[in-house]
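Let's take a walk through this structure together. Have the sequence and the 3D view ready, and follow along at your own pace.

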2 protein chains.
Amino acid sequence: MPVSPFRKLAPYAEAARLQGKVVYPLNIGQPDIETPPAAVEAMRNADLRVLGYSHGAGTESYRRKLATYYQRAGMPVEFEHIMVTTGGSEAILFALLTCLNPGDEVIIQEPFYGTYTAFAIAAGVTIVPVTAHIEDGFALPPLADFERVITERTRAILICNPSNPTGYVYSRAELESILSLCKAHNLYLLSDEAYREFCYDAPYVSALNLTGAEEHVVVVDTISKRYSACGARVGALVTMNKDVYMAAFRFAQMRVSPPGLGMLLAEAATDLPDSYFDDSKAEYQARRDLTVARLQAMPGVVCPRPGGAFYVLAHLPVDDTEEFGRWLLESFSHENQTLMLSPANGFYQTPGLGQQEVRLAYVLNRTDLAAALTCLELALLAYPGRTAPLPAMVADAVPALTA
Amino acid sequence: MPVSPFRKLAPYAEAARLQGKVVYPLNIGQPDIETPPAAVEAMRNADLRVLGYSHGAGTESYRRKLATYYQRAGMPVEFEHIMVTTGGSEAILFALLTCLNPGDEVIIQEPFYGTYTAFAIAAGVTIVPVTAHIEDGFALPPLADFERVITERTRAILICNPSNPTGYVYSRAELESILSLCKAHNLYLLSDEAYREFCYDAPYVSALNLTGAEEHVVVVDTISKRYSACGARVGALVTMNKDVYMAAFRFAQMRVSPPGLGMLLAEAATDLPDSYFDDSKAEYQARRDLTVARLQAMPGVVCPRPGGAFYVLAHLPVDDTEEFGRWLLESFSHENQTLMLSPANGFYQTPGLGQQEVRLAYVLNRTDLAAALTCLELALLAYPGRTAPLPAMVADAVPALTA
């Protein structure tokens, strides 16, 4: 089991803070938006006399309400398709344990959420990467790239949509093509939709919105980002495939039930008006626009404009972003401030890729975000390991693709 | 992944309830005692503005307070030995994933908590059973029985103390002998201590109270039973072995953090006065005494008197307790009441064992418990599959051993 890629720089950040520096945490996707007070209040006011186990798949009342949330987004989901999990994390683990046997393979577009590697190890399965490129704004690679790596052991393709770490949002056409590929090769399409509510340029299409999703699609979901409630640890595995559901339920029974207090909060959150998302989305969109504009204006930086989530994946003109990240914490400060970023090598499985890329999470208020980006701009000018920018062809291609 | 042994009879219980019967649930260990109101209040009053991720090992404030709980019981536990988990369930899974490689073996005394089988499958490891016997009150089998099954792949012995499903509490001498065995063969001693606070006849000895526990002992703990807070999903993995701790921590990072609301409740519960346990223990002890006295008075029933937990494992004079359990729900009622029990075959790995045994959980108030036991007594007289009692030698041996 490898060290979490998000934590490698943590000791340096701690040391910098002990020295009295302000360290802007652009490294993890912990939203700073307030957890909906109405949902918190409902949990507070619930009858908590005996805090007992719930049904292994979650309380029926929450599952029925959550089904209406999906139905409002056009997904034909009923409560019996929903298994409440301990965060999206557990849903990913259950999906891998259920759809794959030990030794089987799952194909994932890289760069991908580094923690998938840990889940794959825990489930005893192998991740086979298909590389997406910054020149294409991290769009879906050609299907031929997927077909080339399908073997007898391949059981599933896992997508993250909108993507952590790239922020890329798949189009309906891309989703349809990948579902067709799954059907042709009898694979499951595992779709991690943690950031579903954070799409800024076009309406979101879920894998469960596709025609013919019934047998092949397993959606992984969570309230962590949607309602800024990471600590509640409430997620869901959603599938219309009864065999997959029943197999996953046996793993769910193993740990008896999902967190009860979090479920109370999650259930109340389904009653929030649609305008709730308008406000948080507008805030994140403004942050994205600020982040992308600032990064694109920095000499040598290449930053596609992502359509969703809280992240940008950018190329920096430095030799090694892990070294640069350490240097930011150990040797740099501007007005006693610096920032922590995620080196992108942790998001690639293919050795050597992502060494000049970073993921930045825009989960700070705009004042702090602007200050952090000023630190980054000045640091890039001062960094001894600065390299030449990418060839003009590549750097130019990006704005055109993402305008 | 097998169907949970606790759930096999669930559809029959549901059908019985739909017919209007009262079904006393003696099948699962869901305490009915009130969750401590002071702990619930503290959680309600906490600052829940942004419900963020905690540290992967749990909040430092809770870990520091939990360390004092262990210290009060004479265990040399510091906060850095404690990893907060999502219920005891996750601690068991992490312990198996950490201390064993796929294909390795863990020895467990049977009958054992049936869900260990599911965790072993999820971790890719093999359970090797050593059988304990009702004639001995389910005491620790001779060490020679363990030595006989130790192989090159054996990495650990897992005990549950007090035991679910037998209620047996290990003596200090038994624990010392099993730790010596672990040391001699370089095995981990995994000790599931979920029921630590429920010991009725003698002070409890934890595996962490033993001299020389540092390198070998990994304790699995939970607040589920201790504070009647099963739904909070807060447990802990406790070990002084730094390598084990760090390896487990990588699995903990995978799922980011344990449930935050539950941790707030758990932290407040550590402030409860010692008398809190006196009250709940006295209640459970009275229920145990009632249950054992009633069972021992039923012709043909053999019931050792357990020293702890909420369970008795009893021999019934019936051909097959799974059949009998179904018959109780489908074909029997007394004043429109019946009961649900756990057939003990789900607690044995060796095929054929436990077919005449049941586990009964005494988690109902004494009025309901007495009514349930009356149903059982009358049902045994009426059941068509009634068998001869055990040989007198065996039936007689039990009270002598457990007086």
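Across the interface of chain A and chain B, 22 residue pairs are in polar contact, counting pairs in which both residues have pLDDT 80 or more. That confidence value comes in here because you are looking at a predicted model. How many salt bridges does the rule find across the interface of chain A and chain B? The answer is zero.

Now look at who takes part. Chain A brings 51 residues to the contact, and chain B brings 51 residues as well. Between them, the two chains bury about 4,200 Å², and 60% of that area lies on carbon and sulfur atoms. Several helices of chain A help to build its side of the interface: helix H2 (37-45), helix H4 (87-99), helix H5 (115-123), H8 and helix H9 (260-269) each supply at least two of the residues that touch chain B. If you sort the residues on this side of chain A by character, you get 27 nonpolar, 15 polar and nine charged.

Salt bridges do turn up when you count over all chains, where the rule gives 39. For one example, find Arg148(A) and Asp145(A), whose side chains meet in a salt bridge at 3.3 Å, N to O. Both residues lie in helix H6 (residues 143-149) of chain A. They sit three residues apart, about one turn of the helix.

Next, turn to the sheet in chain A. As a reminder, strands of a sheet pair through backbone hydrogen bonds, either parallel or antiparallel. Here you can trace an open sheet of seven strands in the order E2-E8-E7-E6-E5-E3-E4, with mixed pairing. Its edge strands are E2 (82-85) and E4 (126-131) of chain A, each of which pairs on one side only. From one strand to the next, the twist averages 25°.

For a closer view of one pairing, pick out strand E6 (residues 188-192) and strand E7 (residues 217-222) of chain A, which run in the parallel sense and pair over four bridges. Within this pair, Asp192(A) stands opposite Val220(A) in E7(A).

Which helices pack on the sheet? One of them is helix H3 (residues 60-72) of chain A, which touches E2, E7 and strand E8 (235-239) of chain A. The direction of H3 makes about 110° with that of E2(A). Another is helix H8 (residues 242-254) of chain A, touching E2, E6, E7 and E8 of chain A, with its direction at about 25° to that of E2(A). You have met H8 already: this helix also supplies at least two residues to the side of chain A that touches chain B.

Key: Residues numbered from 1 in each chain as written. Chains lettered and ligands numbered in written order. Predicted model: local features only at pLDDT ≥ 70, side-chain atom pairs only at ≥ 80, totals over all residues. Heavy atoms only, no water. Pairing = 2+ DSSP bridges. Axes fitted to C-alpha atoms, helices over the stretch in contact; angles between N-to-C directions. Contact = heavy atoms within 4.5 Å. Buried area = accessible area lost by both parts, 1.4 Å probe. Salt bridge = Lys/Arg side-chain N within 4 Å of Asp/Glu carboxyl O. Polar contact = N/O pair within 3.5 Å; in protein donor to acceptor, adjacent residues only side chain to side chain. Nonpolar A, V, L, I, M, F, W, Y, C, P; charged D, E, K, R; others polar.
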